[in-house]
Structure formats: structure tokens, C-alpha cells
Amino acid sequence: MFARVLEKLMKQRVTWIAAFVVIAIIVPGGFAKAFSAAPPSPEQGATEVMPPSPGLTSPDLAPLSQGPLARSPDESPNNCFKCHANLPGPHGGIASKWDASVHGRAGIACADCHGGNPETDEMILAMSPEAGFIGVPPRRDIPALCGGCHSDVERMRQFNIPTDQLPKYQESVHGVKLAQGDIRVAICTDCHGSHDVLKASDPNAAVSPYNVPYLCAKCHSDEALMEPYGLPTDQLDIYEKSVHGEALLGRKDIRAPSCASCHGSHAAKPPTSDEVVNVCGKCHTATQKLYEESLHARIGDAAPKCWTCHGTHDIIKPSEDNFLHPEPLVDQPCGECHVDDTTFRMEAARFESPEDRRCDTCHHPTSWVMTQIKAMKNALVEAQEAYQAAEDAIQDAAARGMIVNDAEVLLTEAHTSIIRARAVVHTTKLTRVTELTDDAKEAAIKARDLADTKLADNLFRRRAMVVVIGIIAINIVGLIALKYQLNRHSEGS
Amino acid sequence: MALGLKNVQSKENGNRRSFLKWLLGFGIFSTIASVLIPVIGYLIPPERGSTAGGGRVLVGTTLDIPFGMGKVVQLGNKPVIVINTPQGITAFSAICTHLGCIVDWDAERQLILCPCHDGLFNPQTGAVIAGPPPAPLPPVPVSLEDEEIYLGEA
Amino acid sequence: MNDQVIDRPTSLAQRVIDWMDERYELRSLLDAMLHVYVPREAKTFYLGGITLFLFFMQASSGILLTLYYQPTPDTAYNSVLFITSDVSFGWLIRSVHAWGANLMIVACVLHLLRVFFQGAYKRPREITWVLGVFLLFITLGFGFTGYLLPWDQRAFWATTVGTESAGAVPVIGDFLLNFIRGGATVSDVTLTRFFGIHTLVLPVSLAAVLLVHIVLIHQHGLANPKKPAGQVKPDEEPGIPFFPHYILDEAIAWYIVLAVLVILASLFPAGLEAKANPLETPAHIKPEWYFLSLYQFLKLVPRTVGVLTPVAAAPLLILLPFLDRNPEVAPAKRPRMIAAGVLLLLAITILTVWGHFS
């Protein structure tokens, strides 16, 4: 209740300030107009100098009628644009970038961020501190400046975009550091651009999902920049080779996660250990459900989470090799993992190397659990081998021109069961895995038998062919002999 | 002497001629056999195997697939999921468009579910609702006569 | 002679022939048919006979295929699958039919080339040539209509591409396309249409034309490739007896073709792609090899030109004996015709190879 009243008051205050600012702009503007020798009418100005700009000329995208920032309420000419568009150097570029940006299209103009008076064509008046001109806003103030509009629910409603970016940002690592006075951290404009802000759905935008990894890497791959924070700079290189990077950047699969999918965008920070299962589960719903059935999911913080086995930026396609080290590990002393008899700890560092993201990194080689793990792995390997053998036989038969559709259906069944069995490993329940691998093996063996029958049939065909060719050869020999005899006969007579 | 030579020659000739006759006889016989065996084999109707079919196939009754239930059946050698939805019987190819797993009926959610990666499909249209499948499930013509469900076009 | 024959104890076969001959006077007919002579210089390479043999193979294997084949879009594919994988020796019958079609076109074209280069189409054999060209067109028609019948992706799309070019004919293009397909697109109507043409219209036409073609050959005897017909004196040289000498050679040639057919069918049996799907165009659709040159030509030149060229070329080919008035048959004495033929052949070969690799 109290918050509401405060909000109302704030709004009123904002309105007052706005009214004051509007007057402050209109009055000097009016003076300027009155004193200039031949005041151009707004329409003329628009047709003569201003390049066509839908945002500024179409009435349905008219500038906001009331606002906290310095701008005129009616459709007045944007004199900043008029001059800057024709200036040499970066200015012209800035003007045209702005013109193509979301802000340019929505009529959010120069003065909305930079202050000043766009009504006057007198440079000194337009960019005077009295007209509220602030020039380039300081980095520290930018989140608040953008948030000034973007936090306003009413104002953003027509664009159907969220309004929580500012508070989210303030919670993010970037925002916290900025508040502490560190202006090297990312601010709004670092990601979205300043004059050239584009919608995230625009493939040209730096914040479009396809570009996000490179956007983040602009800073995060910069060793000099990351050095004071002690952060690694190889995430992009690693991510690019991961299944996710391959899918998003290689195959352009928009559903694959970019940096922001796991770290958040405005609230960017690394997911914590108690968040990670949900973060991955955003997409891997089925796997999350299976994982939550497991014992791993029930032992709290010390438990292995998704990243314990799969890694983070470097996630690659898992296989049966993920169960155990190629060489059996020497059993470690108890103190390595167990604090006392009842608790144990998991140091993330132990799983840093992909080589160590395996069951036997934690589980004793002689434990009961290990026999289960080995059985699970063997079941999967056997099913995979049966599948491979069936596939080879089918391919062999197909290459010999046999029709293999029926065998391929069985192979698909086996494939389905193997994929499901692999997913079910997350439950850590051996019987659930073997149930499916048994199905897979059964289907694969049936498929193989079918393919073998076809291969046998093919062998029969080839043998029959040899016999038939033999018969034909005998016939030809017979006919040639007959011909020979005929010739002799006709010569003789 | 001359007579003897002629005799030998004609005997040789006779031998050769009978061999030739035998050869040609064998040739004709074996040719006919190697044509007739496949043709007769072809004419004997085979048992309709798994790849047989065509036209309409009876895949079950509404007793097998009661209201709100779905079932994967074989059409020819392709798995097809048949669903008894409130809008009537529908059928789709049961091969998931993601990685080719065989989809299943999720009675709890009343959706077609691919168990491999949790792809969900609309039971009325086959459209993807959630998950990784890149394309909808292709529909299969289905018709209901009294209680009997037929796949394939009428 | 006659007395001796009567005195000999007659075999059963002989008695049956005698019995028939008494009533129908078959012997004189058979004598007239068989006791002709082939000029010693004639080199036919047995190509006409091979084509005839392949036609019989196609007819018999085709009849066998119709016992299981079902010409509707829903069932065609499955029935072909059934023939190929479930019916015993079905794969053999189908593969023989598929390979036989290719070999028949090869034999037919080679036969045409032989006749062309030997000048055997010249007076008095003009009509024989005309009918022969018709036979080639009918054979190509068999290939085109038969290709659709398995109703797999390749069949469907090759037919779509193949019929599409008919639409480029000026003025009547749309009508023609609609007429061939039986509708705007390749559909169930196209399938039944092609089936009817393939199994009824074309076989009957081919048999009728073939009969006249053979009767005409019989009337003229084989051409002498060394001398124009007018210069050959009737009893200058008796030549080789057609029966049994020439027939024997022909039989050997047939056996060799049969062996080739058996080897091809066994080692490279006819396959089957996925069932036709009008909504999914596969990559790299190409027509059969014998239409490739035409297909490649269509790609290179404007559509109208590409379609009209074969339409204009066909009458030229048909009417060749009437256009080429030079009575000489020896290649050396008609260099321009030979050069034109070689050039055309080269062009078609290059286009085919290009079409294959493009």
C-alpha cells in the first residue's frame, strides 16, 4: 500500500519535472523562432532537409506526449539530426544508425538521451547546458538513463517488452560492480549499442542469439580486461566446439542455448550449484525428470549435478566412455572425499578436466555401486554393439540391392530403446536401464536376423546366377558346335 | 584300308553327332527349366509378409484404442500412432522427426510424446508443441467404420 | 528325294507336322518364311533380332508383373515392394523387366545406327525405316510410362520433371501438360493413365507396327551394305540361308543377351526408394539416362527452343529415307550424311554424359 502511494507521488513529481522541462524548451524555442528572419514552417523543413524517416513523419508513431527527458511534445523538427546527418566524420554515421534503429523508428530522438533542444537550429542554443544538454552520458549513469524509459510499464506496454531489466541488471555481477564504481563492466550500450539499438529478434542485432556468444566474448575473451577479475578467457573457443555451440553457431539451430540462456542476460551471473539442474532442465525436461528420480538428486549440495559429468561450456556428446576412466583408478584415501564418517564434499576442481568427469572419480572401484555402474555400462555397450552389427548387416544387404525396409523398422525400435536407455542412466537405477537395453538388443537381433536372411538370399541369387550362366554357356557351345557341323555339312554337299 | 578309314571316320562322326544331340537336348531342357522354375515360383502366391499391404488395413477396433487412448501399430513396415481423440480418430507416422525414435501416447497429458528427448506433438494435427523435433509428424489417412479402425485411404 | 523321305520311319514330330500340313498347308508357309537367304556381305550384328528377343522378354516379364501390381497411388508402391521382397523370384522378374527395358532401348538405338550407317533405309526400304523409328518411339514411351509405375520418389519426381517440359510447347503447352498428366500435377490419374498406356496401348501398337516391320523385311530380304538395292542382281550370289544358319547365329546372340540380363538382374537388382511424396522434392532429380541428353539440352537453351527442337527433329528422323535421295549406300560415297550422323551422335553422347555429371 505504502509503496503504491510512493509510486504515485513519484509519478506526480515526474510529471511536474516534465512540465517544467517542456516549458523550458518551448519558451527559448519560441524566442528563437520569433527572432529568426525567415522562420521555416515545420512542414517545409521536413520536406526540404530531413531525409524520409517514418518514425518522425508517421502520426501513429508520434513522439511521446509526456516524458521525463528533454524533448518537445509535438511533432517538431529534429534539428540535431538535420545538422549531424550532414556532418563529416562519425556524426553522419551516428545519425543514419539512429535512423535505422528501434529508437529512430519509434521516434525516440537525440535529445531523449543527450538532452538539449532539438527545436532550435542555433547550435549554441540547442546544445547549451541550459537546454539540458549533457553530451555523451557517463557510463555510470547509462543503466539509469535507459531504465528511465524501459522500467516504465505503461510506456513499454505498446512495445510488449519486459520492464524488469534495470533491477535485474543491478543484481547482476555487472550491475553490482558498476554500483561499486567499476566502469569497465558491461553496461546497456555495450551489448545493445547506443545509436544502433536493434531488436533482439533482428539477426543483425549484436544481442540476437546467433551473435550473443561473440558479443560476450568481446570482453570475456579479452585477457587484459579479464585479468583483474581472474576470469578465464577461453569460454568462446570451448563453447564453439561444444554440442551447444555446434548447434547454435554451426547448424544455426535457434533452439540451442547461447551464453545468455544459462547465465541470464541482464542478470548475468554464473548459475549456482542449486540452480544448475533447473537451468539445464529448461530444455532437457525429460532428463531432469529422470535425474530427479535418482539418488544423486536427493543428497543435496554435495551431489553430482549436470555439470559434474557433462561440464559447462565444453559439453560434448556423451557416450559409454563417460562411465569409467580408461585405466582403473587407484582407490583414494577416505579423507580425499569424506570429511568424517557421514559427510563428504565435492570439489569442483576435481571435475575440471573432462577426463575426470566419470563415475569412478567418486565411486570406489570395489564398491557395490561400482558393480552396478559397470553392469549399466556393459548393458549399454552390448546394446550398442548389437545395434551396430544389425546396422552393418542391413547396410550390407542394402548395398547388394536387397529391400531392407522391414529390418530398418526394427532397427529404429532398437535405436529408440538405446536412446531411452541412455537417458534413463540419469536415474542411476540399473534395472531401468537393462529393461530398455534388453528391448534394444532384442529388436537389434531380430533386425540382424532379417538382414542375414536377406544376405543369404542374395548369396543364393548369385549362386543361381552362376548356374544359369553355366547353362547358357553350354547352350552357346552347343549352338556353335551345331553351326560348325552345319557349315561342314553344306561345304561337303 | 580306305574302307576301314571311312568306317572309323563315320564312327567318329556318329559319336560326335550323338554328343552334339545330347548337348543340344540338355541345352533346350535346361533353358526351359531355368525359365520355368522362377516363373512357377513367382506364380505361387506367397504368404503376405510384413512388407505386404496396400489399400486399407484394419489395425484394430475402438475396443483396443478406447477414447483418450493411443496406440502404435504397424502399417506395412512403418510404425503409425493411432489416437482416439475427442475430435475423432487421428493417425500419424510414429517416427519422430527429431532423431527417428518411435513416439508413444502420453495418456496423462493427452499428447503424443517422443520418449527420447521429450518431444511433444499435438494429437489432432501432429504439430510440434515442445521439444527438439524440427517438423510435425506426417498424418496417415485413417477412417472409422462402426468400431473398426482402418489405415490408408478408402 | 521324295521317295526316300516317305520310306523313312517318321518321328512323332514329323507326323504331327504332316497332319497339320495336310489340313492347313503349313509347310509352304513355313518354307516361304524360313527359306530365304541373307546376303553374304550383310552385317546386321543381330541387333534387330536382339531387340525382338528383348521385346518378348519384356512382354512375358511384364505380364507376370501385372499379376501382383496394383496401379493406385496407395497400393502401387506396396505392391512393388511386395513383388520385390515377398514374392519368390519377384525380384528377378522385376529386375529383368527393368534391365530389359534399358537393354531394349540400347539395342533399338544401335539397330537404328546400323541401318543408318549401312544406308539400309534407302529405296525400297523407306517404309521399313519409318516403322522402325516408330518402334523406337514406342519403346521410349514404354520407358517413360513404366518408370512411374513403382510410385517411389524417383519415379514420381522424374515423371514430374519429364512431363513438365511438355508445358513449354507454345500455345498448346498447358493443354498438353494437362493431357499427359491427366491433371495439373502428377497424381493418381497420371498413374492409371500411364499404367493403361504401358500395358495396353503401347504393347498393342508395338506388336502391330512390329508385325508390319518384319513382314516388310521379309519381303525385301536384308540389304546389301556394299551395293545400292538397284544394283544387286537377284541370283548373283545365293547368300547364307536364313534358316538354319542365320537363325543359329541369332540364337547365340540371344543367349548372350540373356546372360547379360541375368548377370545385371542378379548383381544389380531393381531397387525401390521411399514412397512418392508430392510434398517433398528430393535433391538431384534426373530422368532416365535415355532422356538425359534431351533433359540437358532443355537446360541449356530457352525452354521453347528446347522443346521444339526434338518436336522438329522427330519428323526429320522419320522421313529420313525421303529426304536423303542419294542412292549410294557405302559410307565413303555419302560423306555428308555420315558426318551429320556422327556429329549428331557425338552431340547426344556429350549431352548425356554432361547431363549425368551435372
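What share of the 154 residues of chain B count as buried? In this predicted model, the figure comes to 38%. As for the fold, chain B is built from one helix and ten strands. Going along the sequence, the order is simple to read: α-β-β-β-β-β-β-β-β-β-β, with the helix leading and the strands following. Take the contacts in chain B between residues at least 6 apart in sequence, and 43% of them turn out to join residues at least 24 apart. On the outside, chain B exposes about 8,600 Å², and carbon and sulfur atoms supply 63% of that area.

Next comes the contact between chain B and chain A. The size of an interface is often given as the accessible area lost when the parts come together. Here, the area buried between chain B and chain A is about 2,100 Å², and carbon and sulfur atoms account for 62% of it. On the chain B side, the residues that lose the most area to chain A are B:L20, B:N77 and B:I102, which together make up 21% of what that side buries. In terms of residues, chain B puts 31 into the contact and chain A puts in 24.

What about specific polar interactions across this contact? The salt bridge count between chain B and chain A is zero. Polar contacts do turn up, though: seven residue pairs are in polar contact between chain B and chain A, counting pairs with both residues at pLDDT 80 or more. Looking at which elements of chain B are involved, α1 (2-43) and β3 (78-85) each supply at least two residues of the side that touches chain A. The largest share of that side comes from α1(B), with twelve residues. Sorted by class, the side of chain B that touches chain A holds 14 nonpolar residues, along with twelve polar and five charged ones.

Finally, a single site in chain C. C:S61 sits in helix α4 of chain C, which covers residues 47-66. With a relative accessible area of 5%, C:S61 falls under the 20% cut-off, so this serine counts as buried. Leaving aside residues up to four places away in sequence, C:S61 touches C:I93, C:V96 and C:H97.

Notes: Residues numbered from 1 in each chain as written. Chains lettered and ligands numbered in written order. Predicted model: local features only at pLDDT ≥ 70, side-chain atom pairs only at ≥ 80, totals over all residues. Heavy atoms only, no water. Contact = heavy atoms within 4.5 Å. Buried area = accessible area lost by both parts, 1.4 Å probe. Salt bridge = Lys/Arg side-chain N within 4 Å of Asp/Glu carboxyl O. Polar contact = N/O pair within 3.5 Å; in protein donor to acceptor, adjacent residues only side chain to side chain. Helix = DSSP H or I, 4+ residues; strand = E, 2+ residues; numbered from the N terminus. Nonpolar A, V, L, I, M, F, W, Y, C, P; charged D, E, K, R; others polar. Buried < 20%, exposed > 50% of the residue type's maximum accessible area, 1.4 Å probe, protein only. Areas by Shrake-Rupley, 256 points an atom, 1.4 Å probe, with all protein chains shown as cover.
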